[in-house]
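Trainee: I should like to examine this structure with you, one feature at a time. May we begin with a single residue and then widen the view?

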Amino acid sequence: MILIETVEKLKEVLFRIKSNGKTIGLVPTMGALHDGHISLIKKAKSENQVVVLSIFVNPLQFNNPNDLEKYPRDLEKDLLLIEGFTDIVFAPSESEIYPTTPEEKYDFGELDKILEGASRPGHFNGVATIVKRLFDYIQPDRAYFGEKDFQQLAIIRELVKQTKDDITIVACPVVRESNGLAMSSRCQQLSFAKRNIASKVHTIINKAKELGVPHAKKISEHVLAEIKKLEPITLDYFVIVDEATLQPVDSLDDAKNVVALVAYIIGDVRLIDMIRFK
Ligand code: AMP
């Protein structure tokens, strides 16, 4: 495993690898790695000859300065965790990625205005900016993204469509703690007790799904009422949407591929999750 910190060195190493006809899988992350990230790396390793893992806490995608400041960072620990799984770790500084003020402006139509986009203005423009720069530097054959960040995945698919980059986007399932809580770097900021309470959101949604009620409105009412009882959680949104459009569905019987998306705040940590309904 080699650690690379500059774009120049990265391009030089990748040029040699590509000259040998090897395929490259990219796993973009913000570090504070956990088993969710490892699952993406393993998937990438199974489908490519070389895996590049990027670790970069991208300031552009944080609309809340407090969130950016508190975001966990521990490169040494990350490197220990992924030793043996990854070929190249690209961990650049902020000035390496943004030597001048970035000015990219993306238009994803309604896709970046709803849900996370509505709660976190500018977030997806920041995500698209860093991902596109990584794609340009690395030019991977495949790039791996988690379904936990479901709207992000949709944005990346749209980005690739718009830029016509020849990169296959691979979606990876949500990896959970044993209590059902979707693993997240931000969970490191929560006490054991708070993580336990947070896990109940998933339990509630999963139980609501198993009731087999076809009306999205009824399911939502039930979930909202149950989450309201969870102290100290504040719900941002809970929606039942069509997987392709992220638009709300009325009847689960009439819809094809349906997912529930949720965002909530516990303490001052904001968590999101995705639960597949159909
Ligand atoms: P992050 O470091 O949080 O930006 O995440 C980097 C990538 O890992 C993104 O594609 C996330 O969707 C994915 N990821 C994060 N947590 C999980 C998880 N619990 N299960 C699967 N993928 C995840």
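Mentor: We may. Please keep in mind that this is a predicted model. Phe135 lies in helix 7, and that residue is a suitable place to start.

Trainee: Is Phe135 buried or exposed?

Mentor: A residue counts as buried when its relative accessible area is under 20%. Phe135 has a relative accessible area of 2%. Phe135 is therefore classed as buried.

Trainee: Which residues does Phe135 touch, not counting those up to four places away in sequence?

Mentor: The residues to list lie beyond four places in sequence from Phe135. They are Leu26, Pro140, Ala143, Phe145, Ile156, Val160, Asp165, Ile167 and Ile169.

Trainee: How many Å separate the C-alpha atoms of Phe135 and Asp250?

Mentor: Along the chain, Phe135 and Asp250 are 115 residues apart. In space, their C-alpha atoms are separated by 37 Å.

Trainee: Which residues touch the most other members in the largest nonpolar core, and which helix gives the largest share of this core?

Mentor: The largest nonpolar core has 49 residues. Those that touch the most other members are Ile88, Phe90, Phe135, Ile138, Ile169 and Leu261. The largest share, nine residues, comes from helix 7 (residues 123–138).

Trainee: How many residues are in the other core that lies apart from it?

Mentor: Among the members of that other core are Ile219, Leu252, Ile266 and Ile275. Its number of residues is 28.

Trainee: Where is Phe108 found, and is Phe108 buried or exposed?

Mentor: Phe108 is found in the loop between helix 5 (94–97) and helix 6 (116–119). The cut-off for a buried residue is under 20% relative accessible area. With a relative accessibility of 6%, Phe108 counts as buried.

Trainee: How many Å apart in space are Phe108 and Ile156, and with which residues is Phe108 in contact beyond four places in sequence?

Mentor: In sequence, Phe108 and Ile156 are 48 residues apart, while their C-alpha atoms are 9.9 Å apart in space. Leaving aside neighbours within four places, the contacts of Phe108 are Phe124, Ala128, Ile155, Glu158, Leu159 and Gln162.

Trainee: Is Asp67 buried or exposed, and which residues is Asp67 in contact with?

Mentor: Asp67 is found in helix 3 (residues 65–70). Its relative accessible area is 17%, and Asp67 is buried. Apart from neighbours within four places in sequence, Asp67 is in contact with Phe62, Arg120 and Arg186.

Trainee: What is the phi of Gln139, and what is the phi of Lys164?

Mentor: Most residues other than glycine have a negative phi. Gln139 lies in the loop between helix 7 and strand 5 (142–146), and Lys164 lies in the loop between helix 8 (150–163) and strand 6 (168–172). Gln139 counts as exposed at 52% relative accessibility, and Lys164 counts as exposed at 72%. Phi is positive in each case, near 45 degrees for Gln139 and near 60 degrees for Lys164.

Trainee: Is the peptide bond from Glu231 to Pro232 cis or trans?

Mentor: Most peptide bonds are trans. Pro232 is found in the loop between helix 10 (216–228) and strand 7 (233–242). The bond from Glu231 to Pro232 has omega near -5 degrees and is cis.

Trainee: How exposed is Asn196, and how many Å separate Asn196 and Asn179?

Mentor: Asn196 is in helix 9 (residues 192–210). With a relative accessible area of 31%, Asn196 is partly exposed. Asn196 and Asn179 are 17 residues apart in sequence, and their C-alpha to C-alpha distance is 7.3 Å.

Trainee: Turning to the whole chain, how many helices and strands are there, and why is the chain described as compact?

Mentor: The chain has ten helices and nine strands. Its radius of gyration is 19 Å, close to the 19 Å that the globule rule gives for 278 residues. The chain is therefore as compact as a globular protein of that length.

Trainee: What percentage of the residues in the chain is buried?

Mentor: The chain exposes about 13,600 Å², and carbon and sulfur atoms supply 51% of this area. Of the 278 residues in the chain, the buried ones make up 52%.

Key: Residues are numbered from 1 along each chain as its sequence is written. This is a predicted model: local features need pLDDT of at least 70, side-chain atom pairs count only at pLDDT 80 or more; totals for chains, interfaces and linings use all residues. Side-chain values use heavy atoms; hydrogens and water are left out. Helices (H or I, at least four residues) and strands (E, at least two) are DSSP runs, numbered from the N terminus. The radius of gyration is taken over C-alpha atoms; the globule rule is 2.2 Å times the number of residues to the power 0.38. Buried means under 20% relative accessible area, exposed over 50%, partly exposed in between (1.4 Å probe, protein chains only). Accessible areas come from the Shrake-Rupley method with a 1.4 Å probe; for residues, only the protein chains shown count as cover. A nonpolar core is a set of buried Ala, Val, Leu, Ile, Met, Phe, Trp, Tyr and Cys residues joined through side-chain atoms within 4.5 Å. Contact means heavy atoms within 4.5 Å.
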